[in-house]
Amino acid sequence: MAQNRRPKSVIDSLGEEIVRIVTPVSICMFMVVVLVSILNTGSSPSASSVNTIATIAYNETTSDSFWEKFKGALFNSLIFVAAITLATFVLVLLFYLRCTYFLKLYMGFSSFLVLGFMGGEIALFFIGDFNIPIDSITFFVILFNFASVGVLAVFMSKMAIFVTQGYLVVIGVLVAYWFTLLPEWTTWVLLVALALYDLAAVLLPVGPLKILVELAISRDEDIPALVYEARPVTNHDSGSRNGVVRRGVWRERSSVGNGCDDNLNSGTNSNLSLDSDSVVDSNLTRGTVNSIGSDHSDRILIGAGQGQVLEREAELSAPLIDHRTSDQLHRQENSASRENLLLEGIGLGSTGAIKLGLGDFIFYSVLVGRAAMYDFMTVYACYLAIIAGLGVTLMLLAFYQKALPALPVSIALGVLFYFLTRLLLEVFVVQCSLNLVMF
Amino acid sequence: MTVAAGIGYALLALGPSLSLFISVISKKPFLILTVLSSTLLWLMSLIVLAGVWRAFLPLKSNTWWPFAILILTSVSFQEGLRILFWKVYKRLEDMLDAFADRLAKPRLFLTDKMLIALAGGLGHGVAHAVFFCISLLTPAFGPATFFVDKCSQLPFFLVSADINSGLLIAAIMALAFVTIHTFSMVIAFSGYAEGNKVDQYFVPAVHLVAGMVYFSIYAGIFYGCGHPGDGLEIRSINLAPDITNFVHVDELCRYGDTGKFCFWGLCGWHSSPLFHGNLNLVALWENGYEKIIRNQTVIHSKRFLLRLTL
């Protein structure tokens, strides 16, 4: 490449934060699509071999009528959402009673279960499908090590950030794959119900997630949960500050003059998405991130001045799949239902990096995985819709500066685009391409 | 078709755009966002077009004028979209310049502007390639989709050059369109920026001509499945030439166990050895088309049509 000495242009680093959160989301979705297409090739599509809390009310078969399926799916989702609400309230109660250590232990335990058992099951699918020669002792040793390192990565904040991020994505992929095994109507209604629940839980004053976040703020504590934090952006051009970038976004605002404010104003006046990107970036690169010598995981900034910048995490407990049932291939499963502390909602981390809850990763990937079961065109359309929804949510985050639910916009757009593509676009495109009409 | 062949076709259509992405676009996150948004815009325009044309589908493939109208409306809609894109880009440019001024960085260079245009065009091109080409390829990787349809129990047969040639044509056309979309955005933006009328009219003209290539390919893709001796069910054809003799296809294929097959071919190319001398391929088209109208399952039949391996 050319070695020009030209100073860096403004578009070189703009939008980097967003790309750093879009990349792992895309990787997670891609891996779920790959898993779905590889592992679902031979199995029969009509029988669902997984009994979960989500199918407790109604198990869908392909021969039911439209209303039967819809009602059954609705019941399933209502029960599931009710179970999640209950679990979240229990979580809030525990947090209120300061059982933080217990929560962290529980989080580690559930990560171990996900990585160990779910990962093990999927590995067994692979071994079965592709006849990989491996003996059970080696398999168990490898699996155990894999799961243990994962637990450590999630638990300890001292692990290399790439390992932590990788394990979080793997956990997301595994859980999302299991969710795609649910019957079709249940999956779609469940996604919509969860999006609505997320909206209510984070924004309503009585919502459990809002209560949790406020508790955490008032106590100046971190909520123990599975959160993906994007690698913070380092500001290389901080020449005016002698290379030391201090933390404290909002305290600096008054001292740097009105630059930031103007930008924020222009951001609020216009509706261009990319303008708000610049708002986000300018806010985040102005003296955030990479503060030297400080612990990157703990502080919650409370801002003086206009508005408050708060680090918030919204949280969601989602009971995972209950392996109480055996399928025809006589797999031995334990009969404990597990719960996992998942996290939903999006917020700004203490270092200014964007945090996205693992529950969001999971449900985006579930949507895309379900779309993959139909056709590749729907996958592409849903992927674009979800990324667009994520972008919109990030803009709103920059605008409102508080914890926001990341599910509703993306899921709404994703479901909309899925049905539009399936009903309208596919007919059109197939007609055109088979007739070699291209434009 | 094997997985390797499928990947080959996908790379044929998307290879240059992939290398362009990795070498140029992935270095600047802003351009990645531009690619994503322009892809989304193109997809939305395609959905709008599909919504508008939904009432008129499926088109009778024997006449050419519905396709001409389709191409004309689609191309003009997309060119309108390009002008809209230009207007949005102008506002964006103003904001980026203001932002750069505030940060005491240089304003947008010419290469930056062209890079943004390139990213926009690449987004359009990739979306086109994915929707018009990759979606034809994916069933060829194997039964990767989830639906149950009539011929799903078929054992697979390897196909001859016919399918490969059909897919090859689709992949090459997709490649050509990716190139057209990518660079016409650059040309159009520089034309609008400088007020150069030649450039401004060049781009829609090229797009229209490329769309009209349909008429130059006096060909079409046909496909079907059946059992030797039982009869054949044929699907989708286009521009069938005049049919003099008529092969009567009476029975729909029965879906038992072995011996079933599918075939897929391109008119004018050498027919599959399975049928050499046994079928009047040209004559099958007309009848097949009528079966499409009656069955109303042409779209789902696309699924089994492409499942051909040995």
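**Close-up views of side-chain contacts in a predicted model**

**Figure 1. An aromatic cluster that includes residues of helix α3 of chain B.** Trp86(B) and Tyr89(B) are separated by about one helical turn, because they stand 3 residues apart in helix α3 (residues 65-102) of chain B. The model shown in this and the following views is predicted. Both Trp86(B) and Tyr89(B) are buried. The two residues belong to a cluster, linked by ring pairs, whose other members are Phe85(B), Phe189(B) and Tyr192(B).

**Figure 2. The aromatic pair Phe80(A) and Phe179(A), followed by the pair Trp86(B) and Tyr89(B).** Over all chains, the count of aromatic pairs comes to 28. For Phe80(A) and Phe179(A), the ring centres are 6.0 Å apart and the planes stand at 90°, so the pair is edge-to-face; the angle is over the 60 degrees required for that class. This pair joins distant parts of the chain, with Phe80(A) in helix α2 (residues 66-96) of chain A and Phe179(A) in helix α5 (residues 161-179) of chain A, 99 residues apart. Phe80(A) has a relative accessible area of 2% and is therefore buried. Phe179(A) is likewise buried, at 3%. In chain B, the pair formed by Trp86(B) and Tyr89(B) is tilted, with 5.7 Å from centre to centre and 40° between the planes.

**Figure 3. Arginine side chains over aromatic rings in chain A.** Arg219(A) is placed over the face of Phe95(A), and its distance from the ring centre is 5.2 Å. A second arrangement of this kind involves Arg422(A), whose charged end sits over the ring of Tyr374(A) at 4.1 Å from the ring centre.

**Figure 4. The salt bridge between Arg422(A) and Glu184(A).** Side chains of opposite charge can pair when their charged atoms come close. The whole structure holds 7 salt bridges over all chains. In the one formed by Arg422(A) with Glu184(A), the closest N and O atoms are 3.4 Å apart. The bridge links distant parts of the chain: Arg422(A) belongs to helix α12 of chain A and Glu184(A) to helix α6 (residues 184-203) of chain A, with their positions 238 residues apart. Arg422(A) is partly exposed, at 28% relative accessibility. Glu184(A) is also partly exposed, at 27%. Arg422(A) thus appears in two views, since its charged end also sits over the ring of Tyr374(A), and its relative accessibility is 28%.

**Figure 5. The salt bridge between Glu79(B) and Arg82(B).** The closest N and O atoms of Glu79(B) and Arg82(B) are 3.1 Å apart in this salt bridge. The two residues are separated by about one helical turn, because they are 3 residues apart in helix α3 of chain B. Glu79(B) has a relative accessible area of 9% and so counts as buried. Arg82(B) is buried as well, at 2% relative accessibility.

**Figure 6. A network of salt bridges in chain B.** Asp97(B), Asp101(B) and Arg107(B) are linked by salt bridges into a network. Within this network, Arg107(B) and Asp101(B) form a salt bridge whose closest N and O atoms lie 2.7 Å apart. Arg107(B) is partly exposed, with 45% relative accessibility. Asp101(B) is partly exposed too, with a relative accessible area of 40%.

**Figure 7. The surroundings of Ile11(A).** Ile11(A) is located in the segment before α1 (16-39) of chain A. With a relative accessible area of 0%, Ile11(A) is buried. Its contacts, leaving aside residues up to four places away in sequence, are with Lys28(B), Phe30(B), Leu96(B), Leu108(B), Asp112(B) and Ile116(B). Ile11(A) and Val227(A) are 216 residues apart in sequence, and their C-alpha atoms are 29 Å apart in space.

**Figure 8. Two non-glycine residues with positive phi in chain A.** Asn131(A) has a positive phi of about 55° although it is not a glycine. Asn131(A) is part of the loop between α3 (100-130) and α4 (136-155) of chain A, and its relative accessibility of 62% makes it exposed. Gln401(A), which is not a glycine either, has a positive phi of about 55°. Gln401(A) lies in the loop between α11 (376-400) and α12 (407-434) of chain A. Its relative accessible area is 14%, so Gln401(A) is buried.

Conventions. Residues are numbered from 1 along each chain as its sequence is written. Chains are lettered from A and ligands numbered from 1 in the order in which they are written. This is a predicted model: local features need pLDDT of at least 70, side-chain atom pairs count only at pLDDT 80 or more; totals for chains, interfaces and linings use all residues. Side-chain values use heavy atoms; hydrogens and water are left out. Rings of Phe, Tyr and Trp (its six-membered ring) pair if their centres lie within 6.5 Å; planes under 30 degrees apart count as stacked, over 60 as edge-to-face and the rest as tilted. Helices (H or I, at least four residues) and strands (E, at least two) are DSSP runs, numbered from the N terminus. Buried means under 20% relative accessible area, exposed over 50%, partly exposed in between (1.4 Å probe, protein chains only). A charge sits over a ring if NZ of Lys or CZ of Arg is within 6 Å of the ring centre and within 35 degrees of the ring normal. Contact means heavy atoms within 4.5 Å. A salt bridge is a side-chain nitrogen of Lys or Arg within 4 Å of a carboxyl oxygen of Asp or Glu.
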